[in-house]
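Colleague: Could you walk me through this structure, one step at a time?

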Amino acid sequence: MVCAVMMLTGALSIVQVKAGKQDNDAMTKLPDGTYVVNTTTLASGVKGYRSTTPLKIYIKKDKVERIEAIKNQETPKYFARVKEQVLPKWNGKTVKKAAKMKVDGVTGATMSSDAVKQNVKKGLEYYQKNK
């Protein structure tokens, strides 16, 4: 009986460590004070035209420095326009202001644009709650 309880306790500890690691992967802090929010797990249910559109959001001194797209399955020709025209819209904005922004998407890449906007929203919300 004692052995079974110890095994169960050990299994729970492993589950907690794995869950904690996943959260730690969602946001890291660089030595220069920049936070990097990775939306891969935060917005795993957000889909563009073909699949998920994960991002890395770089935040320093409560301002969005830049947003980078992570490898995805979107159509490269159209997603390049999203990266060029949509991602820079948040650069230089405070997190508070960026979280409230209404950003236009790219014609012809509406689903990808919408997915990126949702990823940004989820990433900024996560940052605000966990910084």
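**A helix and its core**

Modeller: Let's start with helix α4, residues 110–130: its 21 residues reach 30 Å from first C-alpha to last, close to the 30 Å expected at 1.5 Å a residue (1.5 Å times one less than the number of residues). Helices (H or I, at least four residues) and strands (E, at least two) are DSSP runs, numbered from the N terminus. This is a predicted model, where local features need pLDDT of at least 70, side-chain atom pairs count only at pLDDT 80 or more, and totals for chains, interfaces and linings use all residues. Residues are numbered from 1 along each chain as its sequence is written, and side-chain values use heavy atoms, without hydrogens and water.

Colleague: Within what arc do the buried residues of α4 fall?

Modeller: Buried means under 20% relative accessible area with a 1.4 Å probe, protein chains only. In α4 the buried residues include V116, V120 and L124. Seen down the axis, the buried residues line one face of the helix, because their directions from axis to C-beta fall within an arc of 165°.

Colleague: Which element gives the most to the largest nonpolar core?

Modeller: Such a core is a set of buried Ala, Val, Leu, Ile, Met, Phe, Trp, Tyr and Cys residues joined through side-chain atoms within 4.5 Å. The largest one has 24 residues, and W90, V116 and L124 are among those with the most contacts inside it. With five residues, the element giving the most is α4.

Colleague: Which residue stands opposite Y58?

Modeller: β3 and β4 run antiparallel, joined by six bridges (strands pair if DSSP finds at least two). They form a hairpin with two residues between them. Opposite Y58, in β4, stands R66.

Terms used: Buried means under 20% relative accessible area, exposed over 50%, partly exposed in between (1.4 Å probe, protein chains only).
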